[in-house]
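Got your viewer open and a selection box ready? Let's walk through this one stop by stop.

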Amino acid sequence: MHTVPLSAADGQERVDRPTATINAIGTAVPDHDIHAAFVGWATDRLADRRERALFARMAARSGIGGRWSVLPPTPAGGSPVAEGGFYQVAPLPSTAARMALYADHAPALALAAIGRLGPLGAITHLVVASCTGFVAPGIDQIIAARLGLDGGVERTLIGFMGCYAAVTALRTAHHIVRSEPAARVLVVTVELSTLHLQPDAALEPLLAMLQFGDGAAAAIVSADAPGLALSAPFAATLPASDELIRWRIGDQGFAMHLSGEVPGRIGEALRDSALVTRLFGDPAAVDGWAVHAGGRSILDAVQAALGLDETALSASRSVLARFGNMSSATLMFVLADMLAGARVDNGVAVAFGPGLAAEGFRFRHIG
């Protein structure tokens with residue numbers, strides 16, 4: 001077990017606490033790539049010729065090669081927006097119909113990711129993050145039951161926090177392990193974003209929907225090495241930005257608003273040297289960046305504002321290219337690549353989401 005010293009208040013003894021460490025990460029996506037089909041569907045919805053051309057350019061420059069959906073192909077092999085597909089009804093499917101699919105597919109995809117962790121050992125805590133569906137008993141209870149976990153396992157369900165929920169889930173595991181050194185925490189993030197296609201015919205919401213796909217990730221966090229040691233969690237909310245990222249539960253799924261101003265606002269915030277120092281320390285000293293792959297423009301904004309070189313965000317760009325933005329699961333995919341990659345001694349993980357908030361932590365390879 002690795003420990004780190006904590007500074008105590010005057011008159012109190014110094015206490016060593018265990019270092020929470022990600023020992024393993026497993027990831028899973030469905031097998032139906034819907035990216036090209038969505039681009040064609042969205043392009044056809046734009047009546048203005050100039051907007052159609054702009055959307056085509058933005059899609060080509062998105063840095064996304066594939067996005068995956070739990071929605072099956074049609075009997076003829078078509079996508080969910082093709083004849084006979086889930087979305088080929090008028091009006092589009094109800095929220096109830098979408099939640100029925102979430103209840104079926106979200107636990108299955110989560111279990112696929114968990115299955116890639118190897119032996120789980122004795123799990124003491126289960127932390128699950130998901131913002132793309134609701135079901136009761138909760139997805140945490142469903143996962144625990146299907147894994148055959150002891151009924152005394154402590155469960156935490158983190159909902160509707162969006163893209164930075166992976167940070168919240170791992171931070172929760174971090175605090176659990178530091179307070180209970182024998183804890184072995186199973187952390188799960190699962191998102192089915194493709195259940196929430198909206199009937200929009202305007203450029204900005206179509207560009208927002210262009211980013212999202214389905215995915216799940218799972219991690220084991222304990223006080224044991226080897227792995228990625230977690231430390232120094234941080235959070236910041238950018239002022240006057242709460243309207244830039246919103247979710248609204250409607251009769252036809254969850255409608256997301258992702259303003260085109262988000263990358264610029266993030267870039268502006270990260271040019272504040274005092275904020276950057278508080279969150280990251282000296283960016284030049286960071287040798288591993290795990291940035292939530294929210295979109296190419298967001299990664300470009302982070303890279304430019306922090307003055308990073310062209311390879312600094314390669315793990316994030318790779319995940320974006322292969323899977324798109326999977327909301328809370330995305331950062332876990334980036335960390336999975338970094339866990340398996342070159343040694344990092346001073347890493348920073350950060351994600352952006354509703355608020356507009358930035359949340360993250362430091363990490364390093366140990367063992």
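What follows is a tour of a predicted model, going from a strand to its partners, then on to salt bridges and cysteines.

**Stop 1: strand β14**

Select residues 347-353, which make up strand β14. How many of its residues are buried? Seven of the seven are, so the strand is mostly covered. Now color the two faces separately. Gly347, Ala349, Ala351 and Gly353 sit on one side, while Val348, Val350 and Phe352 sit on the other. Both faces are covered, with every one of these residues buried.

**Stop 2: the neighbors of β14**

Add residues 288-291 to your selection to bring in strand β13. Does β13 run parallel or antiparallel to β14? The two run parallel, joined by four bridges. To see one such contact, pick Val291, whose bridge partner in β14 is Val350. You've met Val350 already, on the face with Val348 and Phe352.

Next, show residues 357-366, strand β15. Here the pairing with β14 is antiparallel, and seven bridges hold the two together. Gly353 of β14 has Ala357 as its bridge partner in β15. Zoom in on the hairpin these two strands form: three residues lie between them. One residue to check on your Ramachandran plot is Gly355, which takes a positive phi near 150°.

**Stop 3: salt bridges**

Time to switch on side chains. A search of the whole structure turns up nine salt bridges; we'll visit some of them.

Start with Arg155 and Asp140, where the N to O distance is 2.7 Å. Arg155 belongs to strand β7 (residues 154-159) and Asp140 to helix α4 (residues 139-147), so this pair ties together parts that are 15 residues apart in sequence. Turn on a surface and compare the two ends: Asp140 is buried at 5% relative accessibility, whereas Arg155 is partly exposed at 40%.

Move to helix α9, residues 296-306. Arg296 and Asp300 form a salt bridge here, at 3.4 Å from N to O. The two are four residues apart in the helix, about one turn. Are they buried or partly exposed? Arg296 comes out partly exposed at 32%, and Asp300 is likewise partly exposed at 30%. Keep both selected and add Arg317: these three residues are linked in a network of salt bridges.

Now pick Asp337 and Arg322, whose closest N and O atoms are 2.5 Å apart in another salt bridge. This one links distant parts of the chain, with Asp337 in helix α11 (residues 329-339) and Arg322 in helix α10 (residues 314-323), 15 residues apart. Relative accessibility is 31% for Asp337 and 34% for Arg322, and both count as partly exposed.

**Stop 4: two cysteines**

Finish by selecting Cys131 and Cys163. Why is there no disulfide between them? Their sulfurs are 6.9 Å apart, which is too far for a bond. A disulfide needs the two sulfurs within 2.5 Å. For Cys131, the closest cysteine sulfur is the one in Cys163, and for Cys163 it is the one in Cys131. The structure as a whole holds zero disulfides. Put the surface back on and you'll find both residues classed as buried: Cys131 at 3% relative accessibility and Cys163 at 9%.

Conventions
Residues are numbered from 1 along each chain as its sequence is written. This is a predicted model: local features need pLDDT of at least 70, side-chain atom pairs count only at pLDDT 80 or more; totals for chains, interfaces and linings use all residues. Side-chain values use heavy atoms; hydrogens and water are left out. Buried means under 20% relative accessible area, exposed over 50%, partly exposed in between (1.4 Å probe, protein chains only). A salt bridge is a side-chain nitrogen of Lys or Arg within 4 Å of a carboxyl oxygen of Asp or Glu. Two strands pair if DSSP finds at least two bridges between them.
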